[in-house]
Amino acid sequence: MNKFYFTTPLYYPNARLHAGHAYTTLVCDAYARYKRLCGYDVAFLTGTDEHGEKLERAAVAAGMTPPAFVAGKRAEIQKLWKLLDISYTHFVYTDRPDHTVSVQRLLKLAQQNEPGVVYKAQYQGRYCIYDERYISDGVEPVNCDICGRPAELISEHNYFFKLSAFQDRLLKLYEENPQFVQPDFRLNEVRSFVKSGLHDISISRKRIKWGVPWPDDPEQVFYVWYDALTGYLTGIDYAADGEDAGKRARQEGFWKWWPADFHMVGKDIIRFHAVYWPAFLMAAGLPLPKSVVAHGWLLVEGDKMSKSKGNAVYPEPLAALFDSETHGVVAGSDVLRYYVLRDIPFGHDGMISYEGLIQRYNSDLANDLGNLVNRTVTMINRYCDGSVPQVLGTPDDFDRFLLRRAQENASTTGEIKFFRDFFEEYNFSRSLDMLWQQISLLNQYLVSRQPWVLAEATTADAKEQLRVVLYTVAESLRFLAVLLYPILPHAATLLWRQLGCEDSLGKIENQRLDQLQWGGLKPGTKVGKLEPIFPRLDKNVALEKLLKLEAAEQEPVAAASESAPAKEGKVESQPEPKAPAPVAASGSVASTAAPQATAPTPTDQKISIDDFAKVEMRVGEIVSAEPIAGAKKLLKLMVDIGSEVRQVCAGIAEHYQPEQLVGMKVVLVANLQPRKLRGVESNGMIVAASVGDEGKPVLVTFKEDVPKGARLK
Ligand code: MSP
């Protein structure tokens, strides 16, 4: 059997994953299911990238040890993949003991194979801890070009990888294998980056403890990208390979799968995969992956979706919506997967919204496909006693509709071939466009042939025509079920069962595209009772419910912030108040000018230490500050609290210039319910003293150096 190995990136388990991360994984899952339908033995690897400074800081901020912290987050990620029905076969995490063996072995091989490729030298430069990447080799302050946060100055004695020695080899690789980076416009970007000159990179860290130890130098750990990329080897048993080389390794282990057929990545991490990774492997003398496939970003209102921007869309509320509104019939993961694969031309950025998703669901799934299935199953039940009709002769009608040349050879001609070609090119939206053209043709076919009129007629010819029409549509739906399975696994399985195929032809996931032949649906097959597979949703009700579900997910935090007492000097940012606003009501802001803010707390309203403990205050560093259009008192701040960067609106614009705030360490109330101010989400509250009659805000800050994320008690 042909084998196929591919990977998602290994996700950072520092924060909750959103629909952008889910996109990469859903695309890969669709691909895995498609490849299995093509008869491949598939290894589909995903996992978590658990080392590095970012994770170390997040663990400290959570008051946990790094291993305990990442283990908890890893479990949350695995739970999400279960919810989204991700059919991965391998899960690797970089805190696994055998991963240390892999990483150290890759280095050792490189040192043996290419002496001098790793050397020790002084490193000084700017590094973005959030994205774990070098921004510049200079010392001048600079912001990360991905996340915009200020890059930190690093200066230490490190081990370097001689990347500069690989420039020609990499250019030759791209020249000889233009499919190495896909889509092709990404190859051009990678090529120009390499042509512009490669610098050696530091692949170890001295000041970090949380990482894979450097062999024979306990002061250093591996640079997190060297470590994480090697996860693609660990996950398929690279560490075991040395112990059990030979037969077993070739048949089941590492050498059965390596080299990977592709690594799927977002466009932001293409350089690591298409430049660094092949160089690391070349140095070690290991075969290179066949290709690196990059997708674009999911955008919300034109902006990259991200937790720190407060615009992230999460898959859980979607799953809960479909679960409750359709009584478990529709899997929200199917709808999300269909929506992103259909709407976003693969490789490019694409805008998503709840509204767009519900719209797609109602028009494409409930209307076009759902109605076709309902009509067909109803009519077979009503006019043919619930059995697929027997057709006499070979009517021409078959030729006019779905998969018209399928009778000849499904895999080399006709729509199945196009479908496969589109999938092989990662052109998911076109493959779905094509299937929807077929669905639309079938709906038109029913309208033009009017089987409900044929059913009234008594002639033998009309009866035969009725059987032809119903067989044509039912058999076409059988093909569609199989072709849709990679994208709508849950719904396609229901359709397959409703057509009675599971009993006669086996499970849908065991079908093979090259064995789909017209006539496979046997006359006499009992179809199921009609149960709509895509009940229509009321758009407004669904949207309202989604917002509630989203808010409910935040409830534990909201409850704490609701009961959090707001006392003098503890309140800050404000929503351009017209009248004095209540002090730190349930939202993230309160009026600094509000007289309440300075009123002393009556003794009879004293709170217990437990009440106080409900307020989670953390040290944050302001990484950016900017005015908000149309709100002269408000500033939009991005505040790094170690584990994440929060967006907060603060009513301090009349008293602080944005420039003076950047780099300032402040106190953030971190467990307040998020609120929107002038359309901008505010996720937390900065603490300030409220001075004088006008309540001039004076930000609380620290004289001594305190780490970001430290909790105030
Ligand atoms: N840990 C590294 C990858 C190491 S692979 C050896 C990493 N992790 S990540 O969690 O930050 O990102 C994982 C993937 O999610 C990346 O491919 C990234 O492009 C993708 N996405 C994160 N936000 C996204 C969107 N808004 N839209 C689409 N994909 C996005 O990078």
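Okay, let's start right at the ligand: one of its nitrogen atoms sits 2.8 Å from a polar backbone atom of L298. When I say polar contact, I mean a pair of N or O atoms within 3.5 Å; within protein, one has to be able to donate a hydrogen and the other to accept it, and residues adjacent in sequence count only if both atoms are side-chain atoms. Before I go on, this is a predicted model, so bear in mind that local features need pLDDT of at least 70, side-chain atom pairs count only at pLDDT 80 or more, and totals for chains, interfaces and linings use all residues. Residues are numbered from 1 along each chain as its sequence is written, and side-chain values use heavy atoms, with hydrogens and water left out.

Back to the ligand. A ligand oxygen is 2.8 Å from a polar backbone atom of G266, and a ligand nitrogen is 3.2 Å from one of M305. On its own the ligand exposes 660 Å², and the protein buries 95% of that. Those areas are Shrake-Rupley values with a 1.4 Å probe, and for residues only the protein chains shown count as cover.

Who's around it? There are 23 residues, and L10, D49, G266, D268 and L298 come nearest; a residue is in that shell if one of its heavy atoms lies within 4 Å of the ligand. By class we have 13 nonpolar, seven polar and three charged residues. Here Ala, Val, Leu, Ile, Met, Phe, Trp, Tyr, Cys and Pro are nonpolar, Asp, Glu, Lys and Arg are charged, and the others, Gly among them, are polar. In terms of elements, β1 (3-11), α1 (19-37), α7 (224-229) and β12 (262-266) each bring at least two shell residues. Helices (H or I, at least four residues) and strands (E, at least two) are DSSP runs, numbered from the N terminus.

From G266, hop over to V293, in strand β13 (residues 292-295). The two are 27 residues apart in sequence and 8.2 Å apart in space, C-alpha to C-alpha. V293 is buried, at 0% relative accessibility; buried means under 20% relative accessible area, exposed over 50%, and partly exposed in between, with a 1.4 Å probe and protein chains only. Setting aside neighbours within four places in sequence, V293 is in contact with Q182, F262, H263, M264, V265, F346 and Y426, where contact means heavy atoms within 4.5 Å.

Q182 is worth a stop, as a cis peptide bond joins Q182 and P183, with omega about -10°. Another cis bond runs from W258 to P259, omega near 5°, and P259 is in the loop between α11 (254-257) and β12.

Now, aromatics. F262, F346 and Y426 belong to one aromatic cluster, which also includes F4, F6 and F428. Rings of Phe, Tyr and Trp (its six-membered ring) pair if their centres lie within 6.5 Å; planes under 30 degrees apart are stacked, over 60 edge-to-face, and the rest tilted. That rule gives 45 aromatic pairs. Take Y361 and F534: edge-to-face, 6.1 Å centre to centre, with 80° between the planes. What does that pair tie together? Y361 is in helix α15 (residues 354-383) and F534 in the loop between α23 and α24, so the pair links parts that are 173 residues apart in sequence. Y361 is buried at 0% relative accessible area, and F534 is buried at 5%.

That same α23 (501-505) to α24 (539-553) loop holds T525, which is buried too, at 8%. The T525 side chain reaches the backbone oxygen of K522 at 2.5 Å. Not counting residues up to four places away in sequence, T525 touches G386, S387, V388, L499, G500 and S504.

Next to G386 in our tour comes D385, in the loop between α15 and α16 (397-400). D385 has a positive phi, near 55°, without being a glycine, and at 65% relative accessibility D385 is exposed. E301 is another non-glycine with a positive phi, about 50°, and it is exposed as well, at 76%.

Last stop, helix α2 (residues 53-61): seven of its nine residues are buried. Those buried residues pack against α3 (66-83) and β17 (617-628). Just after α2, G63 takes a positive phi of about 70°.
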